[in-house]
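User: I am new to reading protein models, and I would like to go through this one slowly, with each term explained on the way.

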Amino acid sequence: MNRTDKLRFWLVFIVIAGALCYAYYERNGLNLGLDLKGGAHIVLQAKDTPENPLRDDSIDRLLAVLRNRVDQYGVAEPIIQKSGTDRIIVDLPGIQDPAAALELIGRTAQMDFREVIDSTGRNIPVEPQRRNYDSDIQFVNAQERWREEVARLSNASADLVARSRNTAGSIVAPAEEPGTFYLLGSVLLSGKDLVNAEVAPDSLGRMGVSLEFNSEGARLFENATARLVGKQLAIVLDNVVISAPVVQDRIAGGRAQITGRFTADEAGRLAIMLKAGALPVAVEIAENRSVGPSLGADSVRQGLEAGLFGAGMVLVFMLLYYQFRGLAADLALAVTVLLIFAGLIAFNATLTLPGIAGIILTLGMAVDGNVLIYERIREERDSGKTPRAALDSGFRKALVTILDSNITTLIAALVLFYFGSGSVRGFGVTLSVGLVASVFANIVVTRAILQLFVKSGKEIVRK
Amino acid sequence: MSRLQFDFMSHRKIALTISLVLVIASIGLLLTRGLNLGIDFTGGNVIQVEFENRPEINGVRSVISGIVAREAMIQNFGEKGIIIRTNEDTEESREAVVKALQSNYADVKVTGFEKVGPVVGGELRRQAIIGVSIALVAILIYITLRFQFRFAVVSVVPLVHDVIIALGFFSLTQMEIGSSFIAAILTIVGYSLNNTIIILDRVRENWSTLSREGIVNLVNKSLNQTLARTINTTLTTLFPVIALCVWGGPVLMAFSYAMLVGMIAGTWSSMFVATGLLCEWQGKK
């Protein structure tokens, strides 16, 4: 054995031992994509509106608010990052209720207190049902009255809209229960003066949120309530009136309570949103992918099954066709898989479902190098060379082919990595890592193993 | 097997005609039937639900028919699941569908949903086209540097051939195409090219005998020398792909079949299209 061969043995030994140790100690470092472990992937698109125009720092402020909300909601290892100039990606792994999470991060949560100037007063009555009336005539009359009432209410809200045009700073907002519209004065106090918000049931046991203002907010709130005794004060969230209580007395001390039609969960989310602050700009949900934990687990199981069957067939085929040299190829394949996982951990890559498919494909393509080498060695042997010489020149000639064919595939894989997004990108990473790992296994590991065979006197070429 | 010599190239005109017919048929299918693009490309909502006792698809269709304005696509998914795809990309539309299902079926469970806005969909289409084009150009440059320009052209033509046939297959079966399909197409490109390069590499190695043997014999010799490798590697790559088709599960279905068709087309095109074109081109001189 010459010097290069010894070096090769040591290289193989060190790489395998290193990869084994690394993969063992960092075995929790393999990131599973949301499509495998379940969770929500939400892409928010910031929108430029006249009220809240997009500025240079809008996205950074948006990020801060979203981080705050998600942290308080309590999601393990969330990823919240900027994407491009006007998008934010929010990955929430493992959450059970994606709809609630969406509600939490997608809502602007702009809260204001405003004076109620006027309202349409009444909710739209329930549409009459035939079974509640004795005769057809009575029913038709009831329907007629109902239609008139609906028309009157919609006229009334149109009237409010017209009046709001003549009143500076006023808006028309619907109530949470459909039907009622309010004409509201300018903002008396807004969410930015809040210092705390907590879930608190009111004296009747209804769910509510208690608010605590800073000194500026406390002063404004006291002035407003002093002026509006006996009148209605509206609490407006994202331009919807969630409650409009009549002010009984001047409220000093900077504390207030809002009650609406909340469930405990909704009140909890509202408190988080109010505390974390309103989103600085309006957002739109550009993309939203949620995978339940069970679907993700199914995918992992099916991917593993397919991988094991595929790998099994490849291993058996190589053993049958190439016999003990097939064993060398199979060992090299095992090294390839080990290196792929170590590489994925080292690159901090995320394993996605297409990524698993990429690894499975790599299994088939990885032995291509062995096939090329073995067929080449056979040709060299056929031309009359000694086993040792056939081995060397076979490897040398196959090396060029292996490099050329793998580099061209690597070009495609790198393009996927660079231009792809999400799971496609994950696929590009696994494919690239797989290609590099398999080339190493082919030309270094296989050779080291075959040299052991030659040394032990085995004829490595069929005659 | 390795000692047998096949005269592949005497049939090159037939092989090239078969390929041409398949490509034209695929393009015809693409123009007339089009592709079944998933929401990754078009935008829309996908809702995946699971039932204890899965109802008939028509039942589900009638439950949600009043809620979504446009036609919804409803498919069985796995053993207990159903996938509903609508082209409406609002949150409200999704919530309405889920509510309707929940009030009609007590045993329904939402296992996942996806929503893609129209902007993202358009971007993905653009990304796909740019990505595949850049990959092809980069590969052309690499082969031109390593081999020669003529080899680069005859190895890129089969790639286009394989991609068009894979697309034609998806147009024929109307299987849904998602973002992972781009990954499948680029892998097919990589794989097919791999095959072509290995054969052309042998042609280059035998190139010194060109004036003595003529291009047809030279290509035939190279094909026969690499035949054992071509067969073995095709088998070892097909095993995992078949395993993916059979056991890989519904999420990977389209990806797996794209790979299967692409690999078969890729092996064919490396053996006959790339080499056949090289014979024709070289023979003209």
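The questions and answers below go from the domains to the sheets, the contact between the chains and some single residues.

Analyst: This is a predicted model, in which local features need pLDDT of at least 70 and side-chain atom pairs count only at pLDDT 80 or more, while totals for chains, interfaces and linings use all residues. Residues are numbered from 1 along each chain as its sequence is written, and chains are lettered from A and ligands numbered from 1 in the order in which they are written.

User: How far apart do the C-alpha centres of domain 1 and domain 2 of chain A lie?

Analyst: Domain bounds are taken from an automatic or database domain assignment, which gives chain A a domain 1 of 3-35 + 293-455 and a domain 2 of 111-258. Taken over C-alpha atoms, the centres of these two domains of chain A are separated by 67 Å.

User: What separation do the centres of the two domains of chain B have?

Analyst: In chain B, domain 1 covers 8-38 + 120-284 and domain 2 covers 44-116. Their centres, again over C-alpha atoms, are separated by 38 Å.

User: Which strands stand at the edges of the open sheet of 8 strands?

Analyst: Helices (H or I, at least four residues) and strands (E, at least two) are DSSP runs numbered from the N terminus, and two strands pair if DSSP finds at least two bridges between them. The sheet has antiparallel pairing and the order β3(A)-β4(A)-β2(A)-β13(A)-β5(B)-β2(B)-β4(B)-β3(B). The edge strands have a single partner strand each, so one side of each is left without a neighbour in the sheet, and they are β3 (79-83) of chain A and β3 (73-77) of chain B.

User: In β5(B), which residue is the bridge partner of V291(A)?

Analyst: Strand β13 of chain A, residues 282-291, pairs with β5(B) in the antiparallel sense over 5 bridges. Within this pairing R289(A) stands opposite E114(B), and the partner of V291(A) is G112(B).

User: Why is β5 of chain B said to be largely enclosed by the rest of the structure?

Analyst: A residue is buried if 20 or more other C-beta atoms, placed from the backbone, lie within 10 Å of its own, exposed if 12 or fewer, and partly exposed in between. Strand β2 of chain B, residues 44-51, is joined to β5(B) by 8 bridges, while β13 of chain A also pairs with β5(B). Strand β5(B) spans residues 108-116, and it is largely enclosed because the number of its 9 residues that are buried is 7.

User: At about what angle does α8(A) run to β5(B)?

Analyst: Axes are lines fitted to C-alpha atoms, for helices over the stretch in contact, and angles between N-to-C directions run from 0 to 180 degrees. Helix α8(A) lies across β13 of chain A together with β2 and β5 of chain B, and its angle to β5(B) is about 80 degrees.

User: Which element gives the largest share of the side of chain A that touches chain B?

Analyst: Two residues are in contact if their C-beta atoms, placed from the backbone, lie within 7 Å, and 55 residues of chain A are in contact with 54 residues of chain B. Elements that give two or more residues to this side of chain A include β2 (39-47), α8 (293-346) and α9 (353-382). The largest share, 14 residues, comes from α8(A).

User: Which element gives the most to the largest nonpolar core?

Analyst: A nonpolar core is a set of buried Ala, Val, Leu, Ile, Met, Phe, Trp, Tyr and Cys residues joined through C-beta atoms within 7 Å. The largest one has 199 residues, and L416(A) is among those that touch the most other members. Apart from neighbours within four places in sequence, L416(A) is in contact with residues of both chains, including V424(A) and L186(B). With 17 residues, the element that gives the most to this core is α8(A).

User: Is Q323(A) buried or exposed?

Analyst: Q323(A) is in helix α8 of chain A, and its phi is near 50 degrees, a positive value in a residue other than glycine. Most residues other than glycine have a negative phi. Since Q323(A) has 11 other C-beta atoms within 10 Å, it is exposed.

User: Where is Q174(B) found?

Analyst: Q174(B) has a phi near 55 degrees, again positive in a residue other than glycine, and it counts as exposed with 11 C-beta neighbours inside 10 Å. Its place is the loop between α6 (149-173) and β6 (176-177) of chain B.
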